[in-house]
Amino acid sequence: MTDHTAAAVAAAIADRLAHPDQVPMAATSDANRQHLAYGPTGIALLHIERAAAGLAPWQRAHDWLAAATRQPFTSGPDSHPFYGAPALAHAVACAADHLPDSYRGGLALLNQQVTADARRRLDAAHRRIDAGQLPALAEFDAIRGLAGYGAYLLRRDPAGPVTRAVLDYCVRLTNPVTHDGERLPGWWVPTGPSGRSDDRFPGGHANHGMAHGVGGVLALLALAARLGTTVTGHHQAMRTILAWLERWKVATGRGTAWPYWITREELRTGRPAASAPRRPSWCYGTAGLARAQQLAALALGDSGLQADAETALLDALSDHAQLRATADSGLCHGFAGLVHIAARVAADADRATAEQLRAAIPALLTVLVPPGAAPDETAALLLKDAAGAGFLDGAAGTALGLLTADSTEPPRAAWDACLLTA
């Protein structure tokens with residue numbers, strides 16, 4: 001498998017998704033229209049990235065954004081970073097970085113809405129903390145919560161007051177709390193990972209994921225610090241999360257991994273329950289957390305932590321048990337996400353580690369692109385997959401991961417800012 005083949009498959013996917021009228025109805029249905037994960041805005045990201053790289057015309061991106069905006073977008077309490085106006089804002093911002101005159105007015109309105117939504121959520125979060133209550137995952141996570149809003153604001157206004165207010169909240173979230181007589185981390189939630197009550201999680205849990213847990217908070221704090229935007233307690237907050245992850249890391253046959261979450265019973269015993277090998281994905285697992293810890297290490301100037309994080313990723317990418325647990329192709333919890341994170345981590349690693357990470361990518365690509373298969377044939381198979389055409393789980397996101405594999409340069413359009421990987 002060569003990167004050139006990966007690029008050819010990405011191009012074939014983009015060609016099959018050239019216009020909204022050519023794709024399955026699920027990608028443009030009313031149910032998915034406002035979703036960055038599944039709908040037109042996420043597919044637009046593929047065309048925006050390819051146009052920004054000079055690989056395709058901008059018209060395709062315009063057509064997909066136009067398809068997304070034929071009806072008004074949800075804003076306010078019913079929206080979040082991956083749904084409604086904030087999701088549209090991310091896609092438009094990626095295009096506006098390259099074509100500011102085309103999107104200036106619309107982006108200004110979206111920025112106002114995202115800022116207002118973030119302020120409202122911050123007020124509610126601080127009232128919750130003041131009342132001594134535990135948070136919901138949707139308060140702070142990357143998909144639905146303030147880490148996701150912070151990712152957007154950090155791009156648009158990196159030192160602005162609302163960006164700093166989100167970072168202040170993230171610092172406050174790391175303060176421990178006492179609940180039902182037990183000392184808990186501030187990000188402990190009273191529910192299961194679904195965000196609902198779950199008999200399997202009596203007393204709630206601490207979620208480690210990049211998508212839904214404290215991994216995303218750590219990545220946001222690290223990315224802000226690397227840009228020079230810090231608030232009071234910023235570095236200590238990163239250290240608090242890092243110490244928690246250090247406490248709960250587990251040894252595998254190949255290296256180090258992290259459980260997806262810690263239950264109240266595990267907290268009491270001080271030991272994570274034994275489990276079968278789990279996929280090392282972006283959303284949960286070693287790959288996403290390795291990137292978050294690498295970013296924190298770079299922000300803190302901690303070379304030992306950086307080496308540990310990069311080694312954990314290298315070990316995961318060569319651990320057949322973890323890779324066997326990875327069952328799909330997408331960015332969220334599939335092989336495209338592993339390819340993308342490996343490339344992102346390699347770009348910030350020293351030369352020797354970067355070469356090792358780059359050397360691990362071809363084997364991952366063979367899962368996405370079977371050797372000998374024609375690019376168009378592979379693209380057709382990926383689009384027929386149950387995950388569909390979308391960004392987070394589907395073919396558009398897989399194509400973006402393939403583009404990352406094809407280049408030693410970072411994405412031109414910063415489409416992965418919403419994933420907090422850069």
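**Helix, salt bridges and pockets in a predicted model**

Helix α10 comprises the 15 residues 234–248, and at 1.5 Å a residue these should span 21 Å; the end C-alpha atoms lie 22 Å apart, which agrees. The structure is a predicted model, and this helix is a convenient place to begin reading it. Buried residues of α10 include H234, A237, M238 and I241, together with L242, W244, L245 and W248. These residues cover an arc of only 155° around the axis, which means that they lie on the same side of α10.

Attention now turns to the charged side chains. Side chains of opposite charge can pair when their charged atoms come close. A search of the whole structure identifies 18 salt bridges. One of them joins the side chains of D97 and R156, with an N to O distance of 3.2 Å. D97 belongs to the loop between α4 (85–96) and α5 (100–130), whereas R156 belongs to helix α7, so the pair ties together parts that are 59 residues apart in sequence. D97 has a relative accessible area of 43%, and is therefore partly exposed. R156 is likewise partly exposed, at 29%. The contact also forms part of a wider arrangement, in that D97, R155 and R156 are linked in a network of salt bridges.

A further salt bridge is formed by R128 and E139, whose closest N and O atoms are 2.5 Å apart. R128 lies in helix α5 and E139 in helix α6 (residues 137–140), so that this pair, eleven residues apart, links distant parts of the chain. Are these two residues buried or exposed? R128 has a relative accessible area of 10% and is buried; E139, with a value of 13%, is buried as well. Buried here means under 20% relative accessible area. D141 is also buried, at 0% relative accessibility. The salt-bridge partner of D141 is R144, with the closest N and O atoms 2.9 Å apart.

The empty space in the model can be considered next. Rolling a probe the size of a water molecule over the atoms shows where empty space is left. The largest pocket holds about 410 Å³ of space. Of its 23 lining residues, V250, P259, S275, A276 and R278 are the closest to the centre. Strand β4 (250–251) and helix α14 (320–324) each contribute at least two residues to this lining. By class, the lining of the largest pocket consists of 14 nonpolar, five polar and four charged residues.

The second largest pocket contains about 320 Å³ of space. Its lining is made up of 16 residues, and those nearest the centre are L154, R155, L223, L227 and A422. Two or more lining residues come from each of α7 (146–156), α9 (214–226), α12 (286–300) and α15 (335–348). Which classes of residue form the lining of the second largest pocket? Ten are nonpolar and six are charged, while no polar residue takes part. R155 thus appears in two settings, the centre of this lining and the salt-bridge network with D97 and R156.

One final position concerns the loop between β3 (205–207) and α9, where G213 is found. G213 is buried, with a relative accessible area of 0%. The C-alpha atom of G213 is separated by 26 Å from that of A413, a residue 200 residues apart from G213 along the chain.

Notes. Residues are numbered from 1 along each chain as its sequence is written. This is a predicted model: local features need pLDDT of at least 70, side-chain atom pairs count only at pLDDT 80 or more; totals for chains, interfaces and linings use all residues. Side-chain values use heavy atoms; hydrogens and water are left out. On a 1 Å grid over the protein atoms alone, a cavity is a set of points where a 1.4 Å probe fits but cannot get out, and a pocket is an open set with protein on both sides within 12 Å along at least five of seven lines; lining residues have an atom within 4 Å of a point. Grid points are joined across faces, edges and corners, and a volume is the space filled by probe spheres set on the points. Helices (H or I, at least four residues) and strands (E, at least two) are DSSP runs, numbered from the N terminus. Ala, Val, Leu, Ile, Met, Phe, Trp, Tyr, Cys and Pro count as nonpolar, Asp, Glu, Lys and Arg as charged, and the others, Gly among them, as polar. A salt bridge is a side-chain nitrogen of Lys or Arg within 4 Å of a carboxyl oxygen of Asp or Glu. Buried means under 20% relative accessible area, exposed over 50%, partly exposed in between (1.4 Å probe, protein chains only). The expected span of a helix is 1.5 Å times one less than its number of residues. The arc is that of the directions from the helix axis to the C-beta atoms.
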